[in-house]
Amino acid sequence: MDVADLTPAQARERFRGGERAPTAGWCRGWTQANLIAVPKELAYDLLLFAHRNAQACPLLDVGEPGAVRTRLFPGDLRTDLPGYRVYRDGRAVADTADVVSEWRDDLVPFLLGCSFTFEAALLAAGVPIRHLEQGVNVPMYRTNVPCEPSGPLAGPLVVSMRPVPEPLVATAIEVSGHYPMVHGAPVHVGDPAVIGVADLGSPDFGDPVEVRAGEVPVFWACGVTPQAAVMASGVEFAIGHLPGHMAIIDARDEDYRET
């Protein structure tokens, strides 16, 4: 079966069974989300961080301490994503297929909006999605734009990038702007150096993609931003999704579309 035709439950079952892949293009019409789980004593600070940096960290769902599922994710957060990244003292120490042994009773899981959610709408409007064309992960970059801090949490805005033909830039802005709960309109269009991105060919997360003649790099706020804050702030312990390897939740893309 084409991965675009899977239901969220079917995708989660495949990930639980060991399949590993970036999830752009999976489960057409169903929403994808970023995962970040932090100890209970940091949960309020992360909640406030998300509120203060809502375009990068649009909060869709949050679980109780120790919970392995949430209202929108009825699977197992420890096994049902296609990849995880574990942090200790602000350092990424492991990329792993599951986090059963690392999950703690004091971890509070947060699910944040993901720009993959509006990619079908971009395609329908004629806007190409290069990472889908090339079969790679979306490129993501740390910027020189600081997030609004909260308690001990501070760090840079992370962005995802999609090359857009210049005549379609306005369309991409308009279409994605209808999805504010999954990052919404771009935060920057054009010269990457303005936001501190020195080399589009060397993303901090994900894979590089081709930028063709007549195309403009367009940057959207990215839900990897809290993981950058975990690193910048030296957080004692946290678990996130492997960038681009998302939680597929039981909500529809159109649930997050505003007219």
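This passage describes the nonpolar cores, one helix and two buried residues of a predicted model.

The core residues make a good starting point. The largest nonpolar core holds 34 residues, and within this core Trp103, Leu111, Ile239 and Ile249 touch the most other members. Several elements contribute to this core: at least two residues each come from the strands β1 (30-39), β3 (84-88), β5 (107-113), β9 (215-221), β10 (237-241) and β11 (247-252), and also from the helix α5 (169-177). A second core lies apart from this one and has 29 residues, with Cys57, Tyr141, Cys147 and Ala229 among them.

Ile249 gives a closer view of the surroundings of one core member. When residues up to four places away in sequence are not counted, Ile249 touches Pro8, Arg12, Trp30, Thr31, Ala33, Leu60, Leu72, Phe73, Leu111 and Tyr256. Leu111, one of these partners, is itself listed with Ile249 among the core residues that touch the most other members.

Helix α5 can be followed face by face. Its buried residues are Val169, Ala172, Val175 and Ser176. Viewed down the axis of α5, these buried residues fall within an arc of 130°, so they line one face of the helix. An α-helix has 3.6 residues a turn, so residues three or four places apart point the same way. The other side of α5 carries the exposed residues Ala170 and Glu174. As for the partners of the buried face, the buried residues of α5 pack against α3 (119-124), β7 (156-165), β8 (188-189) and β9.

Strand β5 is also home to Pro109, a buried residue with a relative accessible area of 0%. Leaving out neighbours within four places in sequence, the contacts of Pro109 are Leu35, Ile36, Ala37, Asp61, Val62, Gly63, Glu64, Ala67, Thr70, Leu77 and Trp103. Trp103, one of these contacts, is another of the core residues that touch the most other members. Between Pro109 and Asp5 there are 27 Å in space, C-alpha to C-alpha, and the two are 104 residues apart in sequence.

The last residue considered here is Gln227, placed in helix α6 (residues 225-233). Gln227 is buried, and its relative accessible area is 1%. Its side chain is joined to that of Tyr87 by a polar contact of 2.5 Å. With neighbours within four places in sequence left aside, Gln227 is in contact with Leu35, Ile36, Arg85, Tyr87, Gly240 and His241. Two of these residues, Leu35 and Ile36, are also in contact with Pro109.

Terms used: Residues numbered from 1 in each chain as written. Predicted model: local features only at pLDDT ≥ 70, side-chain atom pairs only at ≥ 80, totals over all residues. Heavy atoms only, no water. Helix = DSSP H or I, 4+ residues; strand = E, 2+ residues; numbered from the N terminus. Buried < 20%, exposed > 50% of the residue type's maximum accessible area, 1.4 Å probe, protein only. Polar contact = N/O pair within 3.5 Å; in protein donor to acceptor, adjacent residues only side chain to side chain. Contact = heavy atoms within 4.5 Å. Core = buried A, V, L, I, M, F, W, Y, C linked by side-chain atoms within 4.5 Å. Arc of directions from axis to C-beta.
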